[in-house]
Amino acid sequence: MRRRILLLVSGITVLVVLAFAIPVAVLIRSAVAQRGERTIRDQAESVARFISVSHPSDAAISSYLATQTQTANRSVSVTTPDGTVLGRAAPHGNGPQPLLDPSSSGPGGGPDEHGPGGGPGGPGGGPGDQAEVHSVPGGKIAETSVSTGADETYRVQAYASNSALYAGLGQWYALLAGGSVALLLVGIVGGELVTRRIVSPLTRTAQTAHRISAGDTTARAPTDGPREVAEVGTALNRLADRIDELIADERETVADLSHRLRTPLTALRLDAEALRSPDEAERIGGHVTALERTLTAVIRAARRPQREGRLPSCDATAVVAERVAYWSALTDEQERTRSVSLPDGPVPVRTSAEDLGAALDALLENVVAHTPEGTPFGVALSTVDGDGATLTVSDSGPGLPEGAGVRGRSDRGSSGLGLDIARRCAEASGGSMRVARSPSGGAAVTLELGAP
């Protein structure tokens, strides 16, 4: 999105620069051409004025023309009344304009303009009107005529080639190009700043949404930036607050319901203690104790604080070692050999100790309840390149039936919730659960646990 906005802003900037630069380039070319024409016009009028005022000889005119620029691109010439060309004759000097008639009222000057003398220089004539400029192949010529009396007329021509007329145009174009590039860069920088101001809050808001979807309800979106973007962040924060409230209410409700079960459990314990058979009383009392312990764990899990500033985590090595030791009394009684593989150090995973312990209890309970006594089993915990851990519980029993991982489905008389508890623990940590065959032909359940 950021790239698309930047491309859009850059495209608009290019269009604006072109809309500005093209007309300016045309105006610059026109101005340079007009300046070149004005130069040759002034040059022709200057020579005509010299002839009108001084009435010089041909030698004097030649000397004066020698002071003017005389090159292939620029030249000044004077055609005397007898047809002699003084100075450097302009290419195509006989151009479309005929020799001006001094008796006319046109550019050559005449009695109707300057009186009987024919020009401002007094008797003997003077320069006519402003020199006329006309095009010739390869350039332009400024032409005027001077009448010095006795029907003597001099024609003055100043020539400039196209390259001379447009001298300096390249520098103006370079300046225009530099200004256009500078405007384009300013537009790009401005577009980058605007894009960052719009996209950066949106990116952080999207990251916040991903964190909330992953279970981190402490994440909050930024509320700065443009008004519309800030409103999105504010709405997302309100949603996160509402999720927190709903979860807290649900957990309190679960905790309250669990707490209400303590009263009938107490009555059940009293009834167990009142049994006449000590063995029966001990057996029922043990079951009640286990139920009370499970209920206490449920209450603790339900009331676990949600705003801890981070996701729940625990040391998987310690939890697995503690739960295997807890079940060892029963497995030893059933003469089950066990293989336990644990890392030497702590293995942090993104789940609470209670949830991981409940998941492992469910898997070990499946082994004890659904395999014959004496069936070996194994528990293995390993790290995954610093990105969580893998917990595998395997056995050498008959294996799991098809669809055993579906919640509530069981063909062995159980509730069918054990594997679902383990699966939910793995998925809540950002991992998954796999059910497969062990190398010995039994069941192998693997929990992939995410890193905190």
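**Figure 1. Strand 5 is largely enclosed by the rest of the structure.** In this predicted model, strand 5 spans residues 153-161, and 9 of its 9 residues are buried, so the strand is largely enclosed by the rest of the structure. Burial applies to both faces of the strand. On one side lie T153, R155, Q157, Y159 and S161, and on the other lie Y154, V156, A158 and A160.

**Figure 2. Strand 5 pairs with strand 1 and with strand 4.** Strand 1, formed by residues 74-79, runs antiparallel to strand 5 and is joined to it by 6 bridges. Within this pairing, V76 has A158 of strand 5 as its bridge partner. Strand 4, formed by residues 139-147, also pairs with strand 5 in the antiparallel sense, here over 9 bridges. K140 has A160 of strand 5 as its bridge partner. Both of these partners in strand 5, A158 and A160, are buried and belong to the side that also carries Y154 and V156.

**Figure 3. F50 and Y64 form a stacked aromatic pair.** The structure holds 2 aromatic pairs. In the pair shown here, the ring centres of F50 and Y64 are 4.2 Å apart and the ring planes meet at 5 degrees, so the arrangement is stacked. The contact links distant parts of the chain, with F50 in helix 1 (residues 2-54) and Y64 in helix 2 (residues 58-66), 14 residues apart. F50 is partly exposed, at a relative accessible area of 21%. Y64 likewise counts as partly exposed, with a relative accessibility of 21%.

**Figure 4. Y326 and W327 form an edge-to-face aromatic pair.** The ring centres of Y326 and W327 lie 6.1 Å apart, and their planes are at 85 degrees, so the pair is edge-to-face. Y326 is partly exposed, with 39% relative accessibility. W327, at 15% relative accessibility, counts as buried because the cut-off for that class is under 20%. The ring of Y326 also has a charged group over it: the charged end of R323 sits 4.4 Å from the ring centre.

**Figure 5. R29 lies over the face of Y166.** The view shows an arginine positioned over a tyrosine ring, R29 with Y166. The distance from R29 to the ring centre of Y166 is 4.3 Å.

Notes: Residues are numbered from 1 along each chain as its sequence is written. This is a predicted model: local features need pLDDT of at least 70, side-chain atom pairs count only at pLDDT 80 or more; totals for chains, interfaces and linings use all residues. Side-chain values use heavy atoms; hydrogens and water are left out. Buried means under 20% relative accessible area, exposed over 50%, partly exposed in between (1.4 Å probe, protein chains only). Helices (H or I, at least four residues) and strands (E, at least two) are DSSP runs, numbered from the N terminus. Two strands pair if DSSP finds at least two bridges between them. Rings of Phe, Tyr and Trp (its six-membered ring) pair if their centres lie within 6.5 Å; planes under 30 degrees apart count as stacked, over 60 as edge-to-face and the rest as tilted. A charge sits over a ring if NZ of Lys or CZ of Arg is within 6 Å of the ring centre and within 35 degrees of the ring normal.
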